[in-house]
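Colleague: Could you take me on a close look at one part of this model, the place where the two domains of chain B meet? I'd love a connected account that also follows what surrounds that place.

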Amino acid sequence: MSIEHKITEIRWHGRGGQGAKTAALLFAEIIIQTGEYYIQAFPEYGPERMGAPVQAFNRVSKNIITIHSNIINPDYVVVLDSSLLESNQVTSGLKCTSKIIINTALSSYAVSMKIHFNKDNIYVVNASNISIETVGKNIPNAPMLGALIKIVGNIDLNMSLNSVKNKLLDKFRNKPEVVNGNLNAISRAFQEVKNN
Amino acid sequence: MIRPLSSKGKLVAKTGNEIAAEAMRQIEPDVVAAYPITPATEIVQIFSQFVADGIVKSKYIAVESEHSAMSATIAASAAGVRAMTGTSSQGLCFMWEMLYIASGLRLPIVMVAVNRAISAPINIHCDHSDTMGARDSGWIQIYSESVQEVYDNIIQAVRIAEQTKLPVLVTMDGFIISHCMELVEVYNDDAVKSFIGEYTPERYLLDIKNPYTLGSLDLQNYYFEHKYQIAKAMIDAQTTIVNIANEFTKCFGRSYNLYEKYMMDDADMAIVIIGSAAGTVKMAINELRSQNIKIGLIKIRVYRPFPKDNIAIDLANIKSIAVLDRSDSCSGAFSPIYSDIVSSLYSEGITTPKIISYVYGLGGREITIEHIKNIYKTLNQIMLGKDQKDCSIVHYINLRK
């Protein structure tokens, strides 16, 4: 993983029901498989309603993480729902080196015009489409997890898939058929996320 | 490579609630009676799944309220078995009268409390008003900074409760820890079971060969003596807690004490705090120390019994001290930790440190490294004797007035 700072911080934006919190938890579990990093994963809790904007967070560090306050200046921002680009929350606190990964059919260039952020640091993937084709419905958290793994870099895809598989088999023990779809979604987004 | 401290340990990622349920699975109390409440719901949700799946042999009693949860836990403990529960905020408030019965009957109950603000106005986020309100109820109170500490504290709590015959409350900060996934070292089941041992109560109600009376009327003649015994047990508990912590360190590697000293050896200034914000303070102190600023932290782990003697000694030579409370007593005077710190020092004849009181984080209000750095600036001014901030009133962090 390319860790430029002492603690790498990630902010997830989604809408209630899209699984931003689950994705943050899954990401943390993937990272600990490396045996190299301390992690945190936590949601921002507000009134819980389907469709309301929600955030979740990760911290990753080679050193023990003791801080327990919110993330203000994230290194990575993951946006599960492109309608959230209309609000300024997505770009809040970004550093010029921060990278944004967005679930959209638009190009990085088109998004950069919208949010006024450097095109080179904007990555796009049509996670909703991938999710519909692999899982059968629009739950974009798994593909966005795949995209994040790719952009953060140096995280082994197969190790990630194994980690997620174990977790999902436990979580969906009554409907194991959703597991493979999610794993395919992660793999596809890992391949398809791009900067254009 | 990050490695477990103990040969009996392995590293996993879990939230505070998940690790509390995991500790309870390993402890496998005979009875758990609980009623779910945000943000502690997952603890009983996960544990009741363990029961339903037959993973533990514990009896789970799904009660209709927290009052009944504590009542059933008390009854189970009095009957002679290990009993645990968990709650938060309004749930703890609803247990109120039963809390005193648990300690008054000297029952070794362990309860996990997830700290949350108290209504009204309604708020589900963290502050310490709930457990601070119970600070005089005769329960031992152990606060946790991180997910790891939640786990280690719950395991130790079982031994502490059974040895002191006092109920023990282990806390974690609502959402900040209860819903935060962190890297945590868990120990294997056998090691945990062997550490806590079998529970063999000295006396119990279902021991029909040795019947005894529990909870009888106790008027002017003896009530006072019985209450004194609780106060005495609380003082004696300090030694027990330290001994069990030392044994824990031998078994599993992690060190615990009544409170933790961080960068205190040569400190001129100190912050005293409790709970998860201690970790944020540590990070702020790391930054300040890199600028050769001599500031340290005292993180209180065991709040009841309050480690007054040792803390007074450790703070005696500090020039300026900020005590940060995550609850407001609304007393017209000061909040709980500040009052305990000041009386600890004064009773030892230590009156030189200047001590300033802060209240922060009510209802989940954010506290950041920047806030801590501002406190340092104030401490420095106070230490230098210029631009004194009024130490005779409570100051509020990150509050709109």
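Modeller: Happy to! In this predicted model, 26 residues of domain 1 of chain B are in contact with 20 residues of domain 2 of chain B. On the domain 1 side, three elements of chain B each supply at least two residues: helix H6 (129–133), strand S6 (140–143) and helix H9 (223–252). H9(B) gives the most to that side, with five residues. By class, the domain 1 side that touches domain 2 of chain B holds 14 nonpolar, eight polar and four charged residues.

To place the two partners along the chain, domain 1 of chain B covers 9–252 and domain 2 covers 259–396. The C-alpha centres of these two domains of chain B lie 28 Å apart.

Now for the packing around this place. The largest nonpolar core has 181 residues. Those with the most contacts inside this core are Ile101(A), Ala147(A), Leu148(A), Val168(B), Ala270(B) and Val272(B). Helix H1 (residues 20–33) of chain A gives the most to the core, with ten residues. Both domain 1 (9–252) and domain 2 (259–396) of chain B also give residues to the core, so the core lies between them.

Ala270(B) is a good residue to click on here. Leaving aside residues up to four places away in sequence, Ala270(B) touches Met264(B), Ile295(B), Gly296(B), Leu297(B), Ile298(B), Leu315(B), Ile318(B) and Ile321(B).

Since chain A has come up, let me follow chain B to its contact with that chain. This contact takes 20 residues from chain B and 18 residues from chain A. Strand S1 (9–14), strand S8 (181–187) and helix H10 (277–289) of chain B are the elements that give two or more residues to the chain B side. H10(B) contributes the largest share of that side, five residues. The side of chain B that touches chain A divides into twelve nonpolar, five polar and three charged residues.

S8(B) also pairs across the two chains: two bridges join S8(B) to strand S2 (residues 38–44) of chain A, and the strands run antiparallel. If you'd like to find this pairing on screen, look for Gln40(A), whose bridge partner in S8(B) is Glu182(B).

Note on methods:
Residues numbered from 1 in each chain as written. Chains lettered and ligands numbered in written order. Predicted model: local features only at pLDDT ≥ 70, side-chain atom pairs only at ≥ 80, totals over all residues. Domains from an automatic or database assignment. Contact = placed C-beta atoms within 7 Å. Helix = DSSP H or I, 4+ residues; strand = E, 2+ residues; numbered from the N terminus. Nonpolar A, V, L, I, M, F, W, Y, C, P; charged D, E, K, R; others polar. Core = buried A, V, L, I, M, F, W, Y, C linked by C-beta atoms within 7 Å. Buried ≥ 20, exposed ≤ 12 C-beta atoms within 10 Å, placed from the backbone. Pairing = 2+ DSSP bridges.
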